[in-house]
Structure formats: structure tokens, C-alpha cells
Amino acid sequence: MRHISYYIGLLFLTAILVIGGILFSTLYLNLVNQRTNEVVLGLLNRGNTHRDVLEESFHAETLEHVSLMESASEFTVVITNQKGKILKASHPLTPKMKVELIHTEFQTQRKDRILRAQAETKGFLMTDSPITISGVHRGHVFMFAPETLIQQVVNPLRQQFIQVGIIAVLLSLTTVVLCTRLISRPLIEMERATAKLKEGNLDVDLPVNRSDELGALARSITQLAKDLDFLNRERTEFLANISHELRTPLTYMKGYADILHRPNLPESEKTAYLSIIKEESDHLSTLIEQLMLLARSDTNAFSVERVPLALDQLIISTTEKMRPAIEEKGLQLHVSGEPVEIAGDEIRLKQVLVNVLDNAKKYTAIGEIVVRYGRNETGPYFQVRDTGSGISQESLTHVTKRLYRSEPSRSRSRGGSGLGLTIALAIVQAHDATLDIKSEKNAGTSVMIQWKV
């Protein structure tokens, strides 16, 4: 019987090692690919940021500024014209970089792309961000990053996986020993029972029935794995997005701070660069405050103070404060309704209204913004409707997700962080109310906050 327990133990140990090795290898490769893609996409985003700056001002001074912003980094930026002539480079180009540029097609305008280096020119990563001004192809922004950057990310992962692998093997061995004893014990009892039967002793007890429990455990583990996989993907996506949002203002601040260290810099340029640094620091502070608010909502530490509140007075006072900025843009603001009272947090609800009105102002070029409030058949409500660009039906179900923007190419120029509606939804739900968004592309958007009696 001991031989059978040894065979069972060896079989389980082999199966666990094989399955564990496959899972660990798959997870490791996925993480490596994910980290590599993050680095490559970050490099492409970096090039796109420079490209956006150059499309606004394609002059020698701007070329110099872009070059200076990368001069202190480990990346190399190369700016060419539409025919491939190098206009500016932040670092001297290696022969391999020059060879790669020679093999690059310049005549045809392309979208942003990641260029895989040829076999003879390996050693770096390369991206291309074409420059298009008023529909005319003016040049390219090439970004180079050493492959050692990938290794710096991958090597710690490899060490961690080796350590985890050793711990997993030891735990697996211990588990196999324990499981083998649990499996062999019924077999030993069966052997003793047959021995008793052989001796004529019919008093045997074999309460071995584990199929239902093992099946239930398997289903629980499967469901747990699905839940963990979903949470991991959500966390990875959120971290990738927030790292991009934090990196963009920091890149601007660092780049212009480095330029300010240049001697004999004109005072006018110093003032302009300090203004940019101030704007980016304010944007970063706002983003961090919003993240802290969301963190409190996730940990149930977010609360609202419900006190008797005249909702109509809150709306009137808030809209009047925002009216000058709205009308300065050439928009009409109409506010109407009837007196209505609720139990709510004045500061938080004002934050919701300001956010919704600010979105309406940002995305409405011409027309009007209408604010209505009062009480309908369901209960108290207020509604903000605009005649702006609207939201596509594909994006409408995602606009309250964290860091989601339906127009990422224009979100930064409009000052958005992708967290405003997420925070508004959390505040509204804390008031036991609902937030309903209806919109149509190029036909405007309506946001309704509704309480139930």
C-alpha cells in the first residue's frame, strides 16, 4: 500500500509541477509582454506629445525646445522633414540609428507607428509620429529608446518569479505529502477492511465519499480565478491609464524646468515657461485630489452630510457664478424651475453641478446650455442639457468609467482628466439618487440627476 501512496504522490507532484510551470511561464511571458508594450506605448505617446507641440508651432525655436526636453533623458528624439532630412536631434545618432532611418519610408504620410528594428540594427526601440499641419505632411518625430530599458523592467520580474517559483515548489511538495496521506488513508482503511473480511469480521466502516466536496471546491476555485482575472485586468488598465495621466504633466514640468536652467534665457521665455509649469502643476494637483476622493469611495470612507437643503437656491447661485465664463464663450445659459428641497450635502452637490456645467461648456461650441430643476412624478431632480458635440452611443456606456474620454486626442487641450463624471456618479449614488446621461453625436447631451421619494 505504501508503494501505491508513493506512486500517487509522485503523480500529483509531477502534475502540479507541470501545470504550475505552464501557468508560471504563461504568466511571466504575459507580464513581460505587457511591460514591454507599456514601455513601447509610452515611447510612442512621448513622441506624439512632441509631435502635437510641433504641429502647433513648427519653427526652429520649437525644434530646439523639443530637443532640449529630451537632452537630459535616456531617450533620443530625432525630428526630420517630410523627405527624411534631419532637422534636430537631442543626442548624437549611432550608426545603427542612422541605418534604421535610411531604411524608413518618408514620402508617404502614415499614422503613428512602432518601428521594429531590422536584425542588423537591433539594440533599441523606435517609434514614428508623423507631423501634419493643415493637412500637409511636414515631417516626422522619431523616438529611440535603448532595449536595456526593457531589461530593467524584465529583470526584477524574473528574479521575483524565481523566488516565487522556489516557494511554490516547496509549498507544492508539502501539499503533495499532506494530500498523499489523505488519499492513501482511505486505501489503507480499505486494505484493513478487506483483511477483516478475509478473517470473517463484517464490522467495517468506510465513510469515503469526497466527490461532491471536491466538485464544489473546484467550482469555487474556478469562480475565484475568474474574479481575480477580472480584477487584475481592471487594475492593469487603470494603472496604465493613470501612469500616462501623471507622466504627461510631469514630462512638461521637468522639460521646461530643465530649460529654465539655461543661462541667458530671456525673461519673456522664463515667464512663459513658468506659466506652463504652473498650469501643469495645477492639473496634477487636481488629478491627485480626484484620485484621493475616488480612493475614499472605494474604501467606503467617502460620505456625504445630508441636511435640509434648498436645491433651487444651490443651482441658482452656482449657475450665476459660472454664467460669465459660459457667456464669454458666446453661449446662452437658461436656468428655470420651481423651489424644491432635499436632504443633501451642499458642497458635494455643487461639485456635481459644476462638473456637469463645465463639461457642457467645454463641448459646446455654439448654442445654449439649459438647466432645469424641480420635482417630477419620481421626485426632486435637476437636469443640464446642451447643444454641443454630443457623445457617440459606443462611448455613452463608458463615460462614467475612470479615466475614460470619448475624445482622447482633444481631452488634454480641454483640460479634462477623465475622472469628473466618475466622481459625480459616486456623489450622486451616495445621495441615493441616479445619474442618467443621454446623448447623440453632434446633437447635444442631457445629464439628469434624479431623487426618488
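Colleague: What is the relative accessibility of Thr251?

Modeller: This is a predicted model, in which local features need pLDDT of at least 70 and side-chain atom pairs count only at pLDDT 80 or more, while totals for chains, interfaces and linings use all residues. Residues are numbered from 1 along each chain as its sequence is written, and side-chain values use heavy atoms, with hydrogens and water left out. On relative accessible area, buried means under 20%, exposed over 50%, and partly exposed in between (1.4 Å probe, protein chains only). Thr251 counts as partly exposed because its relative accessibility is 22%.

Colleague: Which element holds Thr251?

Modeller: Helices (H or I, at least four residues) and strands (E, at least two) are DSSP runs, numbered from the N terminus. The run that covers residues 211–260 contains Thr251, and this run is helix α5.

Colleague: How far apart are the C-alpha atoms of Thr251 and Arg46?

Modeller: Along the chain, Thr251 and Arg46 lie 205 residues apart. In space, the separation of their C-alpha atoms is 8.7 Å.

Colleague: What is the order of the strands in the open sheet?

Modeller: Two strands pair if DSSP finds at least two bridges between them. The open sheet has 5 strands with mixed pairing, and their order is β7-β9-β10-β12-β11.

Colleague: Which are the edge strands?

Modeller: An edge strand in this sheet pairs on one side only. That description fits β7, residues 332–337, and also β11.

Colleague: Over how many bridges do β11 and β12 pair?

Modeller: Strand β11 spans residues 433–440, and Ala433 stands opposite Trp451 in β12. The two strands β11 and β12 run in the antiparallel sense, and the number of bridges between them is 8.

Colleague: Over how many bridges do β10 and β12 pair?

Modeller: Strand β10 covers residues 380–386. Tyr381 stands opposite Gln450 in β12, and Val384 stands opposite Val447 in β12. The pairing of β10 with β12 is antiparallel, and its number of bridges is 5.

Colleague: How many residues of strand β12 are buried?

Modeller: Strand β12 has 8 residues, numbered 444–451. It is largely enclosed by the rest of the structure, because the buried ones number 7.

Colleague: Which residue in the turn between β11 and β12 has a positive phi?

Modeller: Strands β11 and β12 form a hairpin with 3 residues between them. Most residues other than glycine have a negative phi. In the loop between β11 and β12 there is a residue that is not a glycine and yet has a positive phi of about 65°. At 63% relative accessibility it counts as exposed, and it is Asn442.

Colleague: What is the phi of Asp432?

Modeller: Asp432 follows helix α11 and belongs to the loop between α11 and β11. The residue counts as exposed because its relative accessible area is 56%. Asp432 is not a glycine, yet its phi is positive, near 55°.

Colleague: How many residues of helix α11 are buried?

Modeller: Helix α11 has 11 residues, numbered 420–430. Its buried residues include Gly420, Leu421, Ile423 and Val428. The helix is largely enclosed by the rest of the structure, because its number of buried residues is 8.
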